[in-house]
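Visitor: I would like a close look at a single part of this protein, please. Take me to the largest pocket, and to the elements that contribute to its lining.

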Amino acid sequence: MPVTEDNTEHTTEINTQAVTWLVRLTSGDITSDELAAFERWRQADSRHETALAEARVLWVSMGMSLENYYQPDALNGISPHEQARRRLWRWQVMLPTAGLLLFSVMMTQNWLSRWQYDHYTASGEQRMLSLDDGSRMWLDADSAADVRVNSGQRFMRLARGEAFFDVVHNPVQPFIVDAGVGEVKVLGTAFGVQRDGDGMVVTVERGKVKLSRKDHPDMQLNANQQAELHNGLDSAKITTVNAGQVLSWHQGQLVFEEQPLGSILATLKRYDKRVIVFNNDRLAAIKLNAIIDINHLDDWYDGLQQSLPVNISRVGPVVWLRERK
């Protein structure tokens, strides 16, 4: 039977319902009445059970296995009332302990990844800072930096992520950015620095910068040049780029030219506060041109669903992309 638009919409609705039920099952405050309603929904249509199984695969792929919490086969032959009572007891016993552990882990991770720095951003968050010398710094999503800009120095350390700088010219006091493997020194220009693990990328939009690293000669980069440095590699990779396009994130846009869908989605994970789940290798290899408004990601998801054989379910904190069959 051919797949019609109505069939696709109905399938998407069922998938959304399945994910919604799992969100409720993992909420910690589901009632016996809701559990009974869940059982009625699950048994009303064979497609519901299939969608639920796929949703559980989604949940496991997110690192949130429900094997210890929801095991429908183990409850076969027990009355619906008793099934609901046992499930509710299971959640009441297990979730408080898991919640306390999760809270403790999250607090530690927050301190390690954010609060120890002068400035930081979370996923899906960007920030512009006006510095004391009149320069401006934009922190991209999931980034952190320490800043020391005053009458005596112009120095900042990019600990993680990416930043864009529009630096006021000062021939006496250089503006220095430390990104681990290397250091950028400018008198006044516009440029971006990305730090990822033991590597860094510098992109110059305007003017010129000096790139230094220990035991290596300094390099000069001019407008529309980009350099990549990595620990363990003696030489830097220098290329000519469209800097305005590469650094467009600080203006609220992401621009991609002939990029695989998988790479685009990997980038979007920094800007979407929700969890993006996508694991189709065939679709991931498709190359696209895209201009994405960071503040309206759902508009791009809608267009993607219309142009590619992809179903996109957006439920609570999850964006789930699957191949349309």
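Guide: Here is a walk from the pocket to its strands and their neighbours, with a short stop at a helix.

First, some housekeeping. This is a predicted model, in which local features need pLDDT of at least 70 and side-chain atom pairs count only at pLDDT 80 or more, while totals for chains, interfaces and linings use all residues. Residues are numbered from 1 along each chain as its sequence is written, and side-chain values use heavy atoms, with hydrogens and water left out.

The largest pocket holds about 930 Å³ of space. Its lining is made up of 33 residues, and those closest to the centre are Glu-162, Gln-194, Val-246, Thr-267 and Arg-270. Here a pocket is an open set of points on a 1 Å grid over the protein atoms alone, where a 1.4 Å probe fits, with protein on both sides within 12 Å along at least five of seven lines; a lining residue has an atom within 4 Å of a point.

Which elements give two or more residues to this lining? They are the strands S5 (154-166), S8 (190-196), S9 (199-206), S12 (225-230) and S14 (253-260), together with the helices H5 (243-246) and H6 (261-268). Helices (H or I, at least four residues) and strands (E, at least two) are DSSP runs, numbered from the N terminus. Sorted by class, the lining has 13 polar, 11 nonpolar and nine charged residues. Asp, Glu, Lys and Arg count as charged, and Gly is among the polar ones.

Now follow two of those strands, S5 and S8. Phe-165 belongs to strand S5 and Phe-191 to strand S8, so to speak two distant parts of the chain, 26 residues apart, linked by one aromatic pair. The ring centres of Phe-165 and Phe-191 are 5.1 Å apart and the planes meet at 25°, so this pair counts as stacked. The rule asks for centres within 6.5 Å, with planes under 30 degrees apart for stacked, over 60 for edge-to-face and tilted for the rest. By this rule the model has six aromatic pairs. Both Phe-165 and Phe-191 are buried, which means under 20% relative accessible area, whereas exposed is over 50% and partly exposed lies in between.

Strand S14 deserves a stop as well. Glu-258 is in S14, and its phi is near 50°, a positive value in a residue other than glycine. Most residues other than glycine have a negative phi. Glu-258 counts as partly exposed because its relative accessible area is 48%. Gln-259 is also in strand S14, and is partly exposed because its relative accessible area is 32%. Across a stretch of 27 residues along the chain, the C-alpha atoms of Gln-259 and Ile-286 are separated by 7.9 Å.

Next comes the region after strand S12. Leu-233 is in the loop between S12 and S13. With 46% relative accessibility, Leu-233 is partly exposed. Its C-alpha atom is separated by 9.9 Å from that of Gly-199, 34 residues apart along the chain. Ile-238 follows in strand S13 (residues 237-240), partly exposed at a relative accessible area of 40%. The C-alpha atoms of Ile-238 and Gln-226 are separated by 5.5 Å, with their positions 12 residues apart along the chain.

Another positive phi turns up in a loop. Asp-142, in the loop between strand S3 (136-139) and strand S4 (144-149), has a positive phi of about 55° although it is not a glycine. Asp-142 is partly exposed, at 31% relative accessibility.

Last, the helix. In H8 (residues 297-307), the buried residues are Leu-297, Trp-300, Tyr-301, Leu-304 and Gln-305. Viewed down the helix axis, the buried residues of H8 fall within an arc of 140°, so they line one face; the arc is taken from the directions from the helix axis to the C-beta atoms. Asp-299, Gln-306 and Ser-307 are exposed on the face of H8 turned away from its buried side.

How values were computed: Grid points are joined across faces, edges and corners, and a volume is the space filled by probe spheres set on the points. Buried means under 20% relative accessible area, exposed over 50%, partly exposed in between (1.4 Å probe, protein chains only).
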